[in-house]
Amino acid sequence: VVRAFNRTLDFIGSLLPVPGLSQVTKLVGMVVHAMTTYIDETIFSYSLARGDENPWRSGRDGLVYYAQNCKEILKTSIGIVLLEKVLTIVAFLILFAPAFVVAALMPGNAAFWAFVISALFAFNVNAALLHPLFLIMIMTKFHVCIQGQEINETWAGKLNNVSGKFGEITKRMHDWKPGAPAPDAPAPQPGV
């Protein structure tokens, strides 16, 4: 639903300081696509923070809140995704010298192994340190934006028009019964 909604955004070009740069607008579109994982996890965090018994309702409401506040959230997200890429490259460059020392001990082409080792370390730094930090920043922006805000059902209608999956979530929200197992959950085994 988030990916489908992000494809319909017509203001992405206005997030750039210089108008008329179609190639840069395409780059921003790719960055918006890359930050979708942050938004998915943020909506899940909304569901957890809300503590609603009906997971479909909190998921639906989180999507609507994202749509209502997408411009502010995307401004933060774009900066974060770009910063993540830059810091990953910096980590790669910093780790290249120690990786070259380790690679020199290995048989074969040391430069190749140094590149591979430093790339692996840089991606691990990204996954272990940068991604969680930036995810917290996006979550904080989202939760600050929606604090005290009412759901605007106009956005629910727009999301329904953009993605059939949103309609499925809404249907599941209405069909949900407390205490019922999740529809995708495996059936309980007897005696377990």
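This is a guided tour of the structure, stop by stop, with a suggestion of what to select at each one.

**The whole chain**

Begin with the whole chain in a cartoon view, and keep in mind throughout that this is a predicted model. The chain holds eight helices and zero strands, so that, read from the N terminus on, the order of its elements is α-α-α-α-α-α-α-α. If you then colour the chain by burial, you can look for the buried residues, which make up 35% of the 192 residues in the chain.

**Helix α3**

Next, select residues 36-50, which form helix α3. This helix has 15 residues, and the distance from its first C-alpha to its last is 21 Å, close to the 21 Å expected at 1.5 Å a residue. With side chains switched on, you can find the buried residues of α3, which are Thr 36, Tyr 38, Ile 39, Thr 42, Ile 43, Ser 45, Tyr 46 and Ser 47.

Ala 49 also has its place in helix α3, but Ala 49 counts as exposed, because its relative accessibility is 61% and exposed means over 50%. Add His 143 to the selection, and you will see two residues that are 94 residues apart along the chain, while their C-alpha atoms are separated by 9.5 Å. Just after the helix, select Gly 51, which follows α3 and has a positive phi, near 70°.

**Helix α4**

Now move to residues 55-68, which are helix α4. Helix α4 has 14 residues and reaches 20 Å from its first C-alpha to its last, close to the 20 Å expected at 1.5 Å a residue. Is this helix enclosed by the rest of the structure, or does it stand free of it? Because 11 of the 14 residues of α4 are buried, this helix is largely enclosed by the rest of the structure. Among the buried residues of α4 are Arg 60, Asp 61, Tyr 65, Tyr 66 and Gln 68.

Within helix α4, select Val 64, which counts as buried because its relative accessibility is 0%. From Val 64 you can draw a distance to Ile 43, which is 21 residues away in sequence and 9.7 Å away in space, C-alpha to C-alpha.

**The largest pocket**

Stay in this part of the model and show the surface, since the largest pocket, with a volume of about 330 Å³, comes next. Of the 15 residues that line this pocket, select the ones closest to its centre, namely Ile 43, Phe 44, Gly 59, Leu 63 and Ile 169. Two or more lining residues come from each of the elements α1 (2-7), α3 and α4. Which element gives the most to the lining of the largest pocket? That element is α4, which gives six residues. Coloured by class, the lining of the pocket shows eight nonpolar, four polar and three charged residues.

**The aromatic rings**

Turn now to the aromatic side chains, where the structure holds six aromatic pairs. Select Phe 92 and Phe 96, whose ring centres are 6.0 Å apart and whose planes stand at 50°, so the pair is tilted. Both residues lie in helix α5 (residues 70-104), four residues apart, about one turn of the helix. In general, an α-helix has 3.6 residues a turn, so residues three or four places apart point the same way. Phe 92 counts as buried, at 18% relative accessibility, whereas Phe 96 is partly exposed, with a relative accessible area of 29%.

A second pair is that of Phe 112 and Trp 113, where the ring centres are 5.2 Å apart and the planes are at 70°, so the pair is edge-to-face. Phe 112 counts as partly exposed, at 46% relative accessibility, and Trp 113 is also partly exposed, with a relative accessible area of 32%. To see a group of rings, select Phe 92, Phe 96, Phe 100 and Phe 115, which ring pairs link into a cluster.

**Two last stops**

Select Ala 119, which lies in helix α6 (residues 110-146) and counts as buried, at 15% relative accessibility. Although Ala 119 and Leu 93 are 26 residues apart along the chain, their C-alpha atoms are separated by 8.9 Å. Finally, select Trp 155 together with Lys 158, and turn the view until you look onto the ring: Lys 158 lies over the face of Trp 155, at 4.3 Å from the ring centre.

Methods
Residues numbered from 1 in each chain as written. Predicted model: local features only at pLDDT ≥ 70, side-chain atom pairs only at ≥ 80, totals over all residues. Heavy atoms only, no water. Expected span 1.5 Å × (residues − 1). Buried < 20%, exposed > 50% of the residue type's maximum accessible area, 1.4 Å probe, protein only. 1 Å grid on protein atoms, 1.4 Å probe; cavity = no way out; pocket = protein on both sides within 12 Å on 5 of 7 lines; lining within 4 Å. Points joined across faces, edges and corners; volume = space filled by probe spheres on them. Nonpolar A, V, L, I, M, F, W, Y, C, P; charged D, E, K, R; others polar. Phe/Tyr/Trp six-rings, centres within 6.5 Å; stacked < 30°, edge-to-face > 60°. Lys NZ or Arg CZ within 6 Å of the ring centre and 35° of its normal.
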